[in-house]
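Me: I'd like to practise reading a fold from its model. Can you take me through it, one feature at a time?

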Amino acid sequence: MEKVTLNVQGMSCGHCVKAVEGSVGSLNGVSSVKVDLKAAKVEVEFNPQDVSLDKIKETIDDQGYELK
């Protein structure tokens, strides 16, 4: 398992948290997703053999949030 913390801009409410956690959490190979709204960070634990970091970033981007 690999753990990464991403800086994500544009999240401002509980709906944003649910959108990111739900979309990233549904990816095969992702074991946990934690959004820190105040810090604008998303911590993801995943198996790189099942899902790439690029796919995780793309999924967050598809929800309308910007990765820094």
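Me: Let's start with strand 3: which residues sit on its covered face, and which on its uncovered one?

Reply: The general idea is that in a regular strand the side chains alternate between the two faces of the sheet. In this predicted model, strand 3 has Val42, Val44 and Phe46 on the covered face, while Lys41, Glu43 and Glu45 are on the uncovered one.

Me: Which way does strand 1 run relative to strand 3, parallel or antiparallel?

Reply: Strands of a sheet pair through backbone hydrogen bonds, either parallel or antiparallel. Here strand 1 (residues 2-9) and strand 3 run antiparallel, joined by six bridges. To find the register, look at who faces whom: Thr5 is opposite Glu43 of strand 3, and Lys3 is opposite Glu45 of strand 3.

Me: And how many bridges link strand 2 and strand 3?

Reply: Six, again in the antiparallel sense. A handy marker for this pair is Val33, which stands opposite Val44 in strand 3.

Me: What is the strand order in the sheet?

Reply: Read across, the order is 2-3-1-4, in an open sheet of four strands with antiparallel pairing. Strand 2 and strand 4 (66-67) are the edges, each having a single partner strand, so one side of each lacks a neighbour in the sheet.

Me: Back to the hairpin of strand 2 and strand 3: which residue there takes a positive phi?

Reply: The background is that most residues other than glycine have a negative phi, and most peptide bonds are trans. The residue to look at is Ala40, in the hairpin with four residues between its strands. Ala40 has a positive phi of about 60° although it is not a glycine. Ala40 is placed in the loop between strand 2 and strand 3, and at 16% relative accessibility it counts as buried. For another positive phi, go to Gly64, just after helix 2, where the value is about 100°.

Me: On to the helices. How far does helix 1 reach from its first C-alpha to its last?

Reply: Compare the end-to-end reach with what the residue count predicts. Helix 1 (residues 14-25) has twelve residues and reaches 16 Å, close to the 16 Å expected at 1.5 Å a residue.

Me: Which residues of helix 1 are buried?

Reply: They are Cys16, Val17, Ala19, Val20, Ser23 and Val24. Looking down the axis of helix 1, you find these buried residues within an arc of 165°, so they line one face of the helix. The face turned away from that buried side carries exposed His15 and Lys18.

Me: What do the buried residues of helix 1 pack against?

Reply: Their partners are strand 2 (30-36), strand 3 (41-46) and helix 2 (53-62). As for direction, helix 1 lies across strand 2 and strand 3, running at about 165° to strand 2.

Me: Now helix 2. Which of its residues are buried?

Reply: Ile56, Thr59 and Ile60. Seen down the axis of helix 2, those buried residues fall within an arc of 100°, so they line one face. Asp54 and Asp62 are exposed on the other side of helix 2. The buried residues of helix 2 pack against strand 1, helix 1, strand 2, strand 3 and strand 4. Helix 2 lies across those four strands, running at about 30° to strand 1.

Me: Can we zoom in on single residues? Which residues does Ser23 touch?

Reply: Skip anything up to four places away in sequence, and Ser23 touches Lys18, Thr59 and Gln63. Ser23 lies in helix 1 and is buried, with a relative accessible area of 14%. A polar atom of the Ser23 side chain is 3.3 Å from the backbone oxygen of Val20. From the other end, Thr59 in helix 2 is buried at 9% relative accessible area. With the same sequence neighbours left out, Thr59 touches Ser23, Val24 and Leu27.

Me: Last one: is Gly25 buried or partly exposed?

Reply: Gly25, also found in helix 1, is partly exposed, with a relative accessible area of 35%. Leaving aside neighbours within four places in sequence, Gly25 is in contact with Val20, Val30 and Val33. For a distance across the fold, take the C-alpha atoms of Gly25 and Phe46: these residues are 21 apart along the chain, and the atoms are separated by 9.5 Å.

Conventions
Residues numbered from 1 in each chain as written. Predicted model: local features only at pLDDT ≥ 70, side-chain atom pairs only at ≥ 80, totals over all residues. Heavy atoms only, no water. Helix = DSSP H or I, 4+ residues; strand = E, 2+ residues; numbered from the N terminus. Expected span 1.5 Å × (residues − 1). Buried < 20%, exposed > 50% of the residue type's maximum accessible area, 1.4 Å probe, protein only. Arc of directions from axis to C-beta. Contact = heavy atoms within 4.5 Å. Pairing = 2+ DSSP bridges. Axes fitted to C-alpha atoms, helices over the stretch in contact; angles between N-to-C directions. Polar contact = N/O pair within 3.5 Å; in protein donor to acceptor, adjacent residues only side chain to side chain.
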